[in-house]
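Visitor: I'd like to learn how to read a fold like this one. Could you walk me through it?

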Amino acid sequence: MSATASFEVPTPYGPRGVTVSYARVGQGEPLVLLHGIGHHRQAWDPVMDILAAERDVIAVDLPGFGASPGLPDGLTYDLPSTNAVLGALFGALELDHPHVAGNSLGGLLALELGREKLVRSVTALSPAGFWTQAERRYAFGVLLAMRRISRRLPPPLVERLARTPAGRTALTSTIYARPTRRPPQAVVAETLALARATGFDATLRAGTAVRFTDALADLPVTVAWGTRDLLLVRRQGIRAKQIIPRARLVRLPGCGHCPMSDDPALVARVILDGSR
């Protein structure tokens, strides 16, 4: 069920109002899902029903992405502000230390929430923040190219491309290992979401100096990486395991950067196992 939550976040200039769009389904312990940069909460659609059989699942549109408005003046798209926003969202939705799973940027945010002890477990799918500078520059270059292309393509052309397997591959093969599995309407929606994401540029700028370095010793952590991730290459998963030695490192065979569509059953099982 789609809904919005409005709440205040403290800033040095006084409280600022934030509105976040989300979808909620299922019963059980709460599980919050966080998408990657330029995406929207519908990235989680392939696994939502599976997860909802055991969890109260809340898929969030991050501020400035999907249906969520951008951040107001006084809040920036850096990690401290996003932590504050998500912590306030948990309070608004009466979520007491939910489980959290995130992909890419969302994986980094999930780990940051774990570092702040705001959640009870973390599952990070190809999380940002474990890159070398060269790997980061490559990933940001690819993301910027994807953004430019999405903004230059007229929506009617996107719709025509999405009707064919070749067109869906051209539009999404950077993030999916099996792009033809994506429904045409999903490809159209996520291409338009990337083009219209008001928080994209500021979020990318804020990520320039980001490196995750906390061992998260007191929290259950799962880090999972697709073997066919073309954006954040899988050796970054080994680096994540070195930084978080107690984390469970899971290989996702045949999956790309956004594995939820490539193998929904496997990804759902990894998330559920990580939140038990």
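Guide: Sure, and keep in mind that this is a predicted model. Let's begin with the sheet: it is open, has 8 strands in the order 1-2-4-3-5-6-7-8, and its pairing is mixed.

Visitor: Which strands stand at the edges?

Guide: Strand 1 (2–9) and strand 8 (248–252) do; each has a single partner strand, so one side of each is left without a neighbour in the sheet. On average, neighbouring strands of this sheet are turned by 25 degrees against each other, direction ignored.

Visitor: In what sense do strand 7 and strand 8 pair?

Guide: The general idea is that strands of a sheet pair through backbone hydrogen bonds, either parallel or antiparallel. Here, strand 7 (residues 221–226) and strand 8 pair in the parallel sense, over 5 bridges. For one of the residues involved, Val223, the bridge partner in strand 8 is Leu249.

Visitor: Which strands does helix 1 touch?

Guide: Helix 1 (residues 45–52) packs on the sheet against strand 2 (16–25), strand 3 (29–34) and strand 4 (55–60), and its direction makes about 155 degrees with that of strand 4. Helix 2 (residues 79–92) packs on the sheet as well, touching strands 1, 2, 3 and 4, with about 115 degrees between its direction and that of strand 1.

Visitor: Now a helix pair. At what angle do helix 5 and helix 6 pack?

Guide: Helix 5 (residues 155–162) and helix 6 (residues 165–172) pack at about 120 degrees, with their axes 6 Å apart. That makes helix 5 oblique to helix 6. In this contact, Val158, Leu161 and Ala162 of helix 5 meet Gly167, Arg168 and Leu171 of helix 6. By type, the contact residues divide into 4 nonpolar, 1 polar and 1 charged.

Visitor: Let's zoom in on a side chain. Is Ser121 buried or exposed?

Guide: Ser121 has 2% relative accessibility, so it counts as buried, the cut-off being under 20%. Ser121 is found in strand 6 (residues 121–125), and its side chain makes a polar contact of 2.7 Å with that of His99. Beyond four places away in sequence, the residues Ser121 touches include Pro98, Val100, Leu219 and Gly274.

Visitor: What about backbone angles? Which sign of phi does Glu94 have?

Guide: Most residues other than glycine have a negative phi. Glu94 isn't a glycine, yet has a positive phi of about 60 degrees. Glu94 sits in the loop between helix 2 and strand 5 (99–103) and counts as exposed, at 72% relative accessibility. Leu216 also isn't a glycine, and its phi is positive at about 45 degrees. Leu216 lies in the loop between helix 8 (200–206) and strand 7, but is buried, with a relative accessible area of 5%.

Notes. Residues numbered from 1 in each chain as written. Predicted model: local features only at pLDDT ≥ 70, side-chain atom pairs only at ≥ 80, totals over all residues. Heavy atoms only, no water. Pairing = 2+ DSSP bridges. Helix = DSSP H or I, 4+ residues; strand = E, 2+ residues; numbered from the N terminus. Axes fitted to C-alpha atoms, helices over the stretch in contact; angles between N-to-C directions. Contact = heavy atoms within 4.5 Å. Buried < 20%, exposed > 50% of the residue type's maximum accessible area, 1.4 Å probe, protein only. Polar contact = N/O pair within 3.5 Å; in protein donor to acceptor, adjacent residues only side chain to side chain. Parallel < 35°, antiparallel > 145°, perpendicular 65-115°, else oblique. Nonpolar A, V, L, I, M, F, W, Y, C, P; charged D, E, K, R; others polar.
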